[in-house]
Amino acid sequence: MGIENLFLGFQIAITPYNLFVAVIGIALGTIIGVLPGLGGANGVAILLPLTFTMPPTSAIILLTSLYWGALFGGAITSILFNIPGEPWSVATTFDGYPLARQGQGGQALTAAFTSSFVGALFSIVLITFFAPLLAEIALKFGPPEFFAIQLLTFSSFVGLGGGNPLKSLVSILLGFILSAVGLDIVTGQLRMTFGFVDLMKGFDFIVAVIGLFGIGEILISVEEGLSFRGVRTGMNLRVVLDTWRILPRYARTFVRGAFIGFWMGFKPGGATPASFMSYAFAKRFSRNPERFGRGELEGVVAPETAAHAAGVAAMLPMITLGIPGSPTAAVMLGGLIIWGLQPGPLLFKEKPEFVWGLIASMYTGNIIGVLMVLAFVPLFAAILRIPFAILTPVIVVVCAIGSYAVHNNMIDIWYMVIFGVVGYVFKKLDYPLAPLVLALVLGDLAENALRQSLIMSQGSLAIFIARPISGVITAVAILFFALPVLTPWWRRLRGVPAVRRATREI
Amino acid sequence: MRAAGLVTASFLMVLGGVVVFDAVRLGIGWSTDGPKSGFFPFWLAVLLIAACAVIGVQAVSRADARPFVGRAQLGPVLKVLWPAVALVVITQWIGLYVSAALYTAVYMRWIGRHSWLAVLAVAVLFPLATFFIFEKWFLVPMPKGPLEAWLGQ
């Protein structure tokens, strides 16, 4: 079934309108990725209200293209300005910026974009083959299995997210609580509204994303004192071709990075650890590890391949299970619901043109994306030369417009400001924001899955253990939840595992 | 850092308490057709309170002397935050586009010390561009005020 479906998808993705949409999405996405303070999740959230009137397939192509653009754009800021536009670009700055300072910015950028493209392509090919299989398996899932997968999603934030596991947990719980505010569609009762009419509609995740990631990020970046001292791009066709001639030398790094990226990426929060891990492995297996951190091209290839592979892999659980692997995928999932599509495995059966159009557009989007960023890097880098006093009000106004457009309601702009302050405080105190957003998006779905499971079992929690598939998933989830407690013991018994030690050496 | 961590944890605990209060009102048990409305929020809030209690203890025991935000940092942050709040307040009366123009102009002149010409150019062109993109192209209506009414929009 695979090939002809993909062919069907390409017929949809290659229509002039959808190609045009992809170009617009990538251009906007790259701009958003270049600007610190605006990220993929935030950009997708601001644009989401504009897609309400579009056909769903074109809408998802616009949003995913924006996401690819943001992934490419992050590398530009990291390499030329030493400012990671996104958390997963941090490892790219280690060698990218030194290279740029040595006048080899063009080389570093070409390597970064090419690696991103290779990583993405690897993940897309795997998605093309695995997504239908996974969806087929997921069709047999009932509410207990879905709840177990949700549990697994959130447990991996707690167990594998790094940082304080309790703060990840608080972030998750807060997201779920916020999602429960308003009308309970099952019983028709109002929850936690305390008589305020405005609270009846609840909190929209789009507004939360714009506030937390947009306004919060601006507050953080002005505090750190923004000073853009960029290095010239030094990009031309000759540099691109010369770099392409060198890159095959790093074939092993590409393969390793792509595997790490895909493996880490389809679990939530994977892109950032994947990029660090890939960098650490590249350094470990390199013949000259002492050159890492001083401008080694391989040090750009490794994290970029993994980060982009992970970013694409985050789409796999989103389209097959209806469970997003990243905040950006979470916003897209919210979009699916708004466009009237039921996310989950049934999508493959009911809306094949949507799913396969989306998968095919991942190929076209990334090809267009890599060509566009290679061609227009100086243009995108010039955005950062716009004075800060102009960028800030523009970003704030665009965020306000995005928030208001969701429900045409003034209160949402206020929520945006409040979420902005919350985002600033949380970020400073190391509460992770991604789990909060995921919980806010998945809240209703998770609660319904839990309720239906409990109804099936007459209120016994044993149902999650008793069924074979959900039993295994629940067991893994419990293991992840327990990981922060188990790891110190394990370390003491066995010494520190190799991978973690390697990551720490950076 | 320590005080801020403690205040945040306490605030979240109070929030958890409020949720528990409402969840108990809604019923946290089992009704004829499944769990009652308060069941899910109740357990979320109980976990939240427990987790925040531990975080609070951690914040107190791990002496972190760094200030949450220094005086030098607070200035720029407030300079972004207050104008943004002002933007939202005036949007309610004079509409988004005029507010955006005023906000951009004030910010550029006050923080950026740009020339009046640059201020005027950006403050006029930027809201105009957003007007055409959102209002005309994507048909997303924004809050409007007396100026738009006077212009017949």
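At what angle do H7(A) and H19(A) pack, and how far apart are their axes? About 50°, with the axes 7 Å apart. Axes here are lines fitted to C-alpha atoms, for helices over the stretch in contact, and angles run from 0 to 180 degrees between N-to-C directions. Helices are DSSP runs of H or I, at least four residues, and strands are runs of E, at least two, numbered from the N terminus.

Some ground rules. This is a predicted model: local features need pLDDT of at least 70, side-chain atom pairs count only at pLDDT 80 or more, and totals for chains, interfaces and linings use all residues. Residues are numbered from 1 along each chain as its sequence is written, while chains are lettered from A and ligands numbered from 1 in the order in which they are written.

Confidence next. The model scores ipTM 0.93 and pTM 0.85. pLDDT is the predictor's confidence in each residue, from 0 to 100. Chain A has a mean pLDDT of 85, with 93% of its residues at 70 or more. One stretch of chain A, residues 498-506, is below 50. Beyond near neighbours in sequence, that stretch has 12 contacts in the model. A contact means two residues whose C-beta atoms, placed from the backbone, lie within 7 Å. For chain B the mean is 88, and 98% of residues reach 70 or more.

Back to the first pair. H7(A) and H19(A) are therefore oblique. Under 35 degrees counts as roughly parallel, over 145 as roughly antiparallel, 65 to 115 as roughly perpendicular, and the rest as oblique. H7(A) passes H19(A) in a right-handed crossing. The near helix is turned clockwise from the far one in a right-handed crossing, and anticlockwise by less than a right angle in a left-handed one. On H7(A), the contact residues include Ile172(A), Leu174(A) and Phe176(A). On H19(A), they include Leu436(A), Gly443(A) and Glu447(A). By class, the contact has 11 nonpolar, five polar and two charged residues. Nonpolar means Ala, Val, Leu, Ile, Met, Phe, Trp, Tyr, Cys and Pro; charged means Asp, Glu, Lys and Arg; the others, Gly among them, are polar.

Second pair: H10 (251-265) and H11 (271-285) of chain A. They pack at about 150°, axes 9 Å apart. That makes H10(A) roughly antiparallel to H11(A). The crossing of H10(A) and H11(A) is right-handed. Among the residues in contact are Gly257(A), Ile260(A) and Gly261(A) of H10(A), and Ala274(A), Met277(A) and Phe281(A) of H11(A). The split is eight nonpolar, five polar and one charged.

Third pair: H5 (90-138) and H9 (237-246) of chain A. The angle is about 60°, and the axes are 9 Å apart. H5(A) and H9(A) are therefore oblique to each other. H5(A) crosses H9(A) in a right-handed sense. H5(A) brings Gly106(A), Gln107(A), Thr110(A), Ala111(A) and Thr114(A). H9(A) brings Val239(A), Val240(A), Thr243(A) and Trp244(A). That gives four nonpolar, five polar and no charged residues.

Now the interface. 46 residues of chain A contact 51 of chain B. Helices giving two or more residues on the chain A side are H7 (165-180), H8 (205-223), H17 (388-407), H18 (410-428) and H19 (434-456). H17(A) gives the most, with 11 residues. The chain A side divides into 34 nonpolar, five polar and seven charged residues.

Last, chain B. It is divided into domain 1 (2-61) and domain 2 (72-151). Those bounds come from an automatic or database domain assignment. The C-alpha centres of domain 1 and domain 2 of chain B lie 39 Å apart.
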